[in-house]
Each structure stands twice: as C-alpha cells, then as structure tokens.
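Biologist: I'd like to go through this model with you and ask how each label was earned. Could you bring it up on the screen?

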Amino acid sequence: MEYCFKAANSGLTGIAVRGKDSCCVVTQKKVPDRLMEPSSMTHLFQLTKKVGVCVTGTMADCKAMVQRARYEAGNWTYDNGYECPVGVLAKRMADLAQVNTQTASMRPLACIGLFIGVDEETGPQVFKVDCAGHYLPFFAAAAGPKEQEAMNFLEKRVEGMREFSSDQVIRTAITCLGHVLGSDFRGSEIEVAVVESKEGRFKVFTEEEIERHLNAIADDADA
C-alpha cells in the first residue's frame, strides 16, 4: 500500500472546496507532449449529471476508477429510480478500493479521487477516496504532491467556508493552488469544475471563464 500511495501522490495536485450552495474542484493541467491534443488531457470527469470527480495518480488507474464509478452510478439510478447521491457513490468506490487490499492477486489502484456534488438533502458535498478505501467528507480537501501545504492553507480559512458564495469557493480553490505551487498561471494551465445548487449540474469551466476568475483574484490582490 505504501508504494501505491507513493505512486498516487506523484501526480498533479488537486483541491476541492465546499461552500454554502456550491462546491468546486481545481487541478493543474499539464500536456506531457507537444504533439498531443491538449483537450484530450484532463483530470476532471463527470460521473452523473450532478456528480464529478478530480483524480490524481497513475492515469490508467484513474480512468479505470472513473469507468467503474460511472457504471456504479448508472446501476444505482436503474435500481432506485433517482440519481445516485455523491456520498453513496464515494462510499461504494471506497468499498471497492478496500477489497483490492485484501487479496494477494489484486493490485490497489494508484489513484485518489476528490468527489464533488450537490445532494438534494444535505447540499454541497466533498468526499475524498484514496487507494486504501478511506472515505471521508470534507469542507475542503487536497490530493497530490502538495497535499499537506494545501491543507495548511485551507485550514486557516475553514471558519468562513460554510457561508462562501460560488465565486468565493472557486477563487479560494484557485488561490490555494497558486499558493502551494508558488506561481501565477494562465487559464490554460489549470482546470476548474463546479457544481452549484441552483443549476445542479457538474460544469467544467472554459479557459475564458477561468481567466475571468484569475483576473478577479489579481484585482482583489491589488486592491
């Protein structure tokens, strides 16, 4: 398991933040080869209409996790007649990850998932599911190489987080990522996705929308 965690934490840093009526996830975007199509490189995946995940770790394992999560969510909807809640889906994926730790012939997946979604009963939710099958709800969470630095940054702001508006949630997550990486970035260098209560959909931002928030953060810093 230690090797698995080491591999999972060698990917990109991802940050999820939850506010009053929305939750957001932000991660780096790196295209490893100039010959690759940039739009094909993503760590953000929609699982259902209202639930999405940011994955970090070995990309092949991440894709396997996403595929299984979509299958489980679809199965739940078919059996129960309504959309699978984010907490139920995160728990199911954690249970499956834990099974992989029990048998010598099975390899745990080297990936960590930050699940975000809006629950009809409990509102915005952020769950972190790791290789060993830990399944924990968070106000804000981080995964990847800079996880500890990001958690330290977020802990200082946790008191007001429950009342954050959608824009505050997005800008806090972007600011946190910029702080731990120690650099300013352009809209093409990060990925942002959000789920809002009023829209109730997992939405991945375009470069223009990300730039708008980056400019707002810069303006606030200058003020």
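Biologist: Leaving aside neighbours within four places in sequence, which residues is Ser22 in contact with?

Modeller: Keep in mind that this is a predicted model. Ser22 is in contact with Val17, Pro124, Ser165, Ser166, Val169, Val194, Val195 and Glu196. Ser22 itself sits in strand β2.

Biologist: What makes Ser22 buried or exposed?

Modeller: Its relative accessible area is 0%, and the cut-off for buried is under 20%, so Ser22 is buried.

Biologist: Ser166 is on that contact list. How do you know whether Ser166 counts as buried or exposed?

Modeller: The relative accessibility of Ser166 is 14%. Buried means under 20%, so Ser166 counts as buried. Ser166 belongs to helix α6, and its contacts beyond four places in sequence are Asp21, Ser22, Val194 and Glu196.

Biologist: Why is the link between Ser166 and Glu196 called a polar contact?

Modeller: The side chains of Ser166 and Glu196 are joined at 2.5 Å, and the limit for such an N or O pair is 3.5 Å, so the pair qualifies as a polar contact.

Biologist: Let's turn to the cysteines. How many disulfides does the structure hold?

Modeller: Zero.

Biologist: Why is Cys4 too far from its closest cysteine sulfur for a bond?

Modeller: That closest sulfur, in Cys131, is 3.8 Å from the sulfur of Cys4. A disulfide needs the two sulfurs within 2.5 Å, so this pair is too far apart for a bond. Cys4 is also buried, at 10% relative accessibility. As for Cys176, the nearest cysteine sulfur is that of Cys24, 11 Å away, and Cys176 is in no disulfide. Cys176 has a relative accessible area of 0%, so it is buried too.

Biologist: What places Cys24 among the buried residues?

Modeller: Cys24 has 0% relative accessibility, so it counts as buried. It lies in strand β2. Not counting residues up to four places away, Cys24 touches several residues, among them Ile15, Ile116, Ala173 and Val192.

Biologist: Which separation along the chain, and which in space, lies between Cys24 and Val192?

Modeller: They are 168 residues apart along the chain, with C-alpha atoms separated by 7.3 Å. Val192 also touches Leu44, Ile174, Phe205 and Ile210, to name part of its list.

Biologist: Which residues have the most contacts inside the largest nonpolar core?

Modeller: Ile15, Ile174, Ile190 and Val192, in a core of 27 residues. Elements giving two or more residues to this core include β1, β2, β8, α6 and β9. The largest share, seven residues, comes from α6. A second, separate core has 21 residues, including Phe45, Val66, Ala73 and Met93.

Biologist: How do you know that both faces of β8 are covered?

Modeller: Ala140 and Ala142 on one side are buried, and Ala141 and Ala143 on the other are buried as well. In a regular strand, side chains alternate between the two faces of the sheet.

Biologist: What makes β1 and β8 a pair of strands?

Modeller: Four bridges join β1 to β8, and pairing needs at least two, so they pair. The two strands run antiparallel, and Ile15 stands opposite Ala142 in β8.

Key. Residues numbered from 1 in each chain as written. Predicted model: local features only at pLDDT ≥ 70, side-chain atom pairs only at ≥ 80, totals over all residues. Heavy atoms only, no water. Buried < 20%, exposed > 50% of the residue type's maximum accessible area, 1.4 Å probe, protein only. Core = buried A, V, L, I, M, F, W, Y, C linked by side-chain atoms within 4.5 Å. Contact = heavy atoms within 4.5 Å. Polar contact = N/O pair within 3.5 Å; in protein donor to acceptor, adjacent residues only side chain to side chain.
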